[in-house]
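Trainee: I would like a close look at a single part of this model, followed outward to whatever it touches. Could you take me through it slowly, in one connected answer?

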Amino acid sequence: GDGNGDGDAVDMPELHDIDNEAGYGTKQKVKKTNLVPEIMGANIACVDCGAPNPDWVSLNLGVLMCIDCSGVHRSLGVHVSKVRSLKLDALSESEAKLILAIGNEKANEIWEEGIGAQKGWEKPNSSATRKAKEDWIKSKYLWRGFFENHRR
């Protein structure tokens, strides 16, 4: 009566087959980039709170962020920020090159250029509350509140 062990065994081969099925991968067979170490080396702190070794990216903003900030970015919607994990998702060569071309430093020169003109705002650090990070990220990307040319 070894009946109950079977339930566990079913999952793995199925997953395995899906990967190997002819034709399945063709759409997704975009050349996977090997630039991830370079991307992480060039962006050693989260773009929004400065947490070390961020491994989440926004494909359209071209920046790296920590897992906390990535959750906020995700909530903004893909039209604002298209979030992917450097560890879990395969980036294409072109996506990787875009992130390398922009990166956190350049992005923040633009997105936070006018921060001096805004009263009462301080960039959150990695130990800031989720709410503080959320307010900052929404102001920064959704309302473009820290753009240099943003005058109320």
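**The loop between H5 and H6, and its surroundings**

Mentor: In this predicted model, the side chains of Glu112 and Lys123 come together in a salt bridge, with 2.9 Å from N to O. Both residues lie in the loop between H5 and H6, so the pair ties together parts that are 11 residues apart in sequence. Glu112 has a relative accessible area of 13%, and because buried means under 20%, Glu112 counts as buried. Lys123, at 32% relative accessibility, counts as partly exposed. The pair also belongs to something wider, since salt bridges that share partners join Asp48, Glu112, Lys123 and Lys140 into one network.

Glu113 is found in this loop too, between helix H5 (103-111) and helix H6 (130-142). Its relative accessible area is 49%, so Glu113 is partly exposed, and on the surface Glu113 gathers with Glu105, Glu109 and Glu148 in a patch of negative charge. Further along, Ala128 has its place in the loop between H5 and H6, and with a relative accessible area of 22% Ala128 is partly exposed. The C-alpha atom of Ala128 is separated by 7.9 Å from that of Cys49, although the two residues are 79 residues apart along the chain.

Turning to the aromatic residues, a search of the whole structure finds five aromatic pairs. In one of them, Trp111 and Phe147, the ring centres are 5.0 Å apart and the planes stand at 75 degrees, so the pair is edge-to-face. Trp111 lies in helix H5 and Phe147 in the segment after H6, so this contact ties together parts that are 36 residues apart in sequence. Trp111 and Phe147 are both buried, and together with Tyr141 they form one aromatic cluster.

Helix H6 can be followed from the charged side as well. A search of the whole structure finds nine salt bridges, and among them is the one that Lys133 forms with Asp68, whose closest N and O atoms are 3.2 Å apart. This pair links distant parts of the chain, with Lys133 in helix H6 and Asp68 in helix H3 (residues 67-76), 65 residues apart. The two partners are placed differently with respect to the surface: Lys133, at 2% relative accessibility, counts as buried, whereas Asp68, with a relative accessible area of 40%, is partly exposed.

For another salt bridge to set beside these, take Asp55 and Lys87, whose side chains meet at 3.0 Å, N to O. Here too the pair links distant parts of the chain, 32 residues apart, with Asp55 in the loop between helix H2 (36-42) and strand E1 (56-58), and Lys87 in the loop between strand E3 (83-85) and helix H4 (93-101). Asp55 counts as buried at 18% relative accessibility, while Lys87 is exposed, with a relative accessible area of 60%.

To return to the part you asked about, the loop between H5 and H6 holds the buried Glu112 and the partly exposed Lys123, joined to each other by a salt bridge, and this loop is also where Glu113 and Ala128 are found.

How values were computed
Residues numbered from 1 in each chain as written. Predicted model: local features only at pLDDT ≥ 70, side-chain atom pairs only at ≥ 80, totals over all residues. Heavy atoms only, no water. Patch = residues over 30% accessible without salt bridge, like charges linked within 9 Å, V, L, I, M, F, W, Y side chains within 5 Å. Areas by Shrake-Rupley, 256 points an atom, 1.4 Å probe, with all protein chains shown as cover. Salt bridge = Lys/Arg side-chain N within 4 Å of Asp/Glu carboxyl O. Lys, Arg positive; Asp, Glu negative; His and termini not counted. Charge placed at Lys NZ, Arg CZ, Asp CG, Glu CD. Helix = DSSP H or I, 4+ residues; strand = E, 2+ residues; numbered from the N terminus. Buried < 20%, exposed > 50% of the residue type's maximum accessible area, 1.4 Å probe, protein only. Phe/Tyr/Trp six-rings, centres within 6.5 Å; stacked < 30°, edge-to-face > 60°.
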